[in-house]
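I opened my notebook to look at how two chains meet and what sits around a metal ion. Here is what I looked up, entry by entry.

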Amino acid sequence: MTFNARGTYAIFKNELMRMFRTIFGSILSPVITTSLYLVVFGAAMGDRMDLGGVNYGAFIVPGLLMLTLLSESTSNASFGIYMPKFTGAIYELLSAPVGVAETLIGFVGAAAVKSLILAAIILGTAALIVDYSIAHPILALGYIVLVAASFSLLGFIIGLWADGFEKLQIIPLLVLMPLTFLGGTFYPISALEGPWQYVAMVNPVVYLVSGLRWTFLGESDFPIMLSFGATLGFLLICIAVIGWIFKTGWRLRE
Amino acid sequence: MPEPILNIRGLEKTYKGGVKALDGVDLTINRGEIFALLGPNGAGKTTLIGSVCGLVRPTGGKIEVFGQDLATSWKNVRRQIGLVPQELSFDMFDKVIRQVRYSRGMFGSAPDEARIEEVLRSLSLWDKRNAAIRELSGGMKRRVMIAKALAHDPQLLFLDEPTAGVDVELRRDMWRQIDMLRDRGVTIILTTHYIEEAEEMADRVGVIAKGRILLVDDKDAIMAKLGRTEAHFTIDSPLAELPAPLTGYPVHLEEGGTSLVYRGGDGTGKGKREVAELAQLLTREGIAFSGLETQESTLEDIFVDLLHEPVETAA
Ligand SMILES: Nc1ncnc2c1ncn2[C@@H]1O[C@H](COP(=O)(O)OP(=O)(O)OP(=O)(O)O)[C@@H](O)[C@H]1O
Ligand SMILES: [Mg+2]
């Protein structure tokens, strides 16, 4: 049972081309949104925030990056697998010599790569608006890759699970968005009032934001290993779920 | 000696809702043949194809393709299989040529622009290669589906109602396509509701209903076995009994001797010949007749007959 490298590449390329078919939706819109946050919160209100020496603009860059990574990875990957299910084009994938590995690398890989491209553009744009630097560039890159891959996997699962456009939107909109906004994108958890700190600690996105912030600023709410471990654990859970899905043919084969 | 390319044994599929779509299907397809699977709506044709192509998980039975067990060697085997499903389904916003390249790649074949061009030209799609699929007419879209299925040069091709909703001209065009594929040695299994399509194209015909194969045979053999000619002679003055020279034929009198009815033949033209002989005999005997109606039974009649008979033997 040999790995179908050509098939994997074909899926990957097709997905990437599909995602970049409309430049506006795929690049401009997330970049503009992020820039607006930076201008409004970072440049305009930044002076009023006291973060003990850290510039507020530089503080929210990793938070905003995480916001974009989570929403883009999830929505791109979920859309990527949902669309062929919706149009019926999935028949081809099911009849092709393409297994779990090929499908995952093709679909999830393309979504993750798109997120990485977007992350690079956003970091470039952010440099024009606020003054920031990256304390641990290699670790930052590794962490971004890990997050992009994990949430593309989550998106893939959502895309398989969804049997209507509504379900496709529900998790990103009702779960991911609130968790990210409440997850310390715009403020340090230590700034929260007593009990709210404990509430925040059950929000998994807090650890993601904290981890990325650590690679940028060199300090954060939680130890980096905790963040890293949590993200890796999440990635493994996603892979296990997908393995089960393919084994049972759930939502794929009749 | 025919070489089996697809061997299905005891195939069963019960859908989640409890519908038994396939009920112990046995079928062997030989290399290079064109096999037409006929059956009414809901007979299980699409389910049967889906089971071989990986769209449906069978609940029982065994499938061998190219002598390999599909359950374990599916990845090797699928490189050689092409499928044109019943419904039009693809990324409507993509360009024709990109979709065809995509299919070729997905099935693990190396890029080959010359072959892509050949496939597109043979389906008269070359001029439309850069059009978005959604801009094409329905018939053209169907051709794109076929182009996608042919892009990786499959040895075994499934066509699920390839000419549904296609006009006569395009249908003839499609038949020419199938002929060309036959010349290339491709084995084709097609399902159809158009009897003339099976008669025109197929080497062998299988009839399926309610998830069971009722009959499989050479198309000509089916016609010979079940093909019938029916003729009604309207006799001017009623006959009391059958004239002696006619007794050797499968004829009898009806309607008080004013109608002579012939039922016979075997689909090889024997029926027509005998009717002509009968006409000459009647003239020679001085029996005047003022009308003659003849009817050849088509595959369709055979098919309807079969469905109304209890299942006797499954091939
Ligand atoms: N996904 C499904 N879930 C449940 N039942 C199904 C499913 N697909 C098909 N069936 C049922 O299985 C039976 C066989 O369907 P199938 O599509 O194989 O028939 P068919 O011979 O291709 O019909 P047609 O000529 O209309 O295309 C039908 O009773 C159908 O309702
Ligand atoms: Mg069907």
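**Entry 1: the contact between the chains.** I started with a term: buried area is the accessible area, taken with a 1.4 Å probe, that two parts lose on being put together, summed over both. I also noted that this is a predicted model. Then I looked up the value. Chain B and chain A bury about 2800 Å² between them. Of that area, 53% is on carbon and sulfur atoms. I asked which residues of chain B lose the most area to chain A. They are R57(B), K75(B) and M106(B), and together they make up 25% of what that side buries. Next I looked up the residue counts. Chain B brings 34 residues to the contact, and chain A brings 31.

**Entry 2: polar links across the contact.** How many salt bridges are there between chain B and chain A? I found four. I wrote one of them down: the side chains of E92(A) and K148(B) meet, with 2.9 Å from N to O. I also looked up polar contacts between the two chains, and there are 10 residue pairs, both residues at pLDDT 80 or more.

**Entry 3: the side of chain B that touches chain A.** I looked up which helices take part. In chain B, α2 (70-78), α3 and α5 (138-150) each supply at least two residues to this side. I noted that α3(B) gives the most, with six residues. Then I sorted the residues of this side by type. I got 16 nonpolar, nine polar and nine charged.

**Entry 4: the magnesium ion.** I turned to ligand 2, the magnesium ion. What coordinates this ion? T46(B) does so through OG1 and Q86(B) through OE1, at 1.8 to 2.2 Å. T46(B) lies in helix α1 (residues 45-53) of chain B, while Q86(B) is in the loop between β6 (81-84) and α3 (96-106), so the pair ties together parts that are 40 residues apart in sequence. I then checked accessibility. T46(B) counts as partly exposed because its relative accessibility is 39%. Q86(B) is at 27%, so this residue counts as partly exposed too.

**Entry 5: two backbone angles.** I looked for positive phi values in residues other than glycine. F66(B) has one, near 50°. I placed F66(B) in the loop between β4 (60-65) and β5 (68-69) of chain B. S124(B) has a positive phi as well, near 55°. I found S124(B) in the loop between α4 (113-122) and α5 of chain B. S124(B) is partly exposed, with a relative accessible area of 43%.

Definitions and conventions. Residues are numbered from 1 along each chain as its sequence is written. Chains are lettered from A and ligands numbered from 1 in the order in which they are written. This is a predicted model: local features need pLDDT of at least 70, side-chain atom pairs count only at pLDDT 80 or more; totals for chains, interfaces and linings use all residues. Side-chain values use heavy atoms; hydrogens and water are left out. Donors are N, O and S atoms within 2.8 Å of the metal (3.2 Å for Na, K and Ca); water is not among the atoms, so sites may look incomplete. Helices (H or I, at least four residues) and strands (E, at least two) are DSSP runs, numbered from the N terminus. Buried means under 20% relative accessible area, exposed over 50%, partly exposed in between (1.4 Å probe, protein chains only). Contact means heavy atoms within 4.5 Å. A polar contact is a pair of N or O atoms within 3.5 Å; within protein, one must be able to donate a hydrogen and the other to accept it, and residues adjacent in sequence count only if both atoms are side-chain atoms. Ala, Val, Leu, Ile, Met, Phe, Trp, Tyr, Cys and Pro count as nonpolar, Asp, Glu, Lys and Arg as charged, and the others, Gly among them, as polar.
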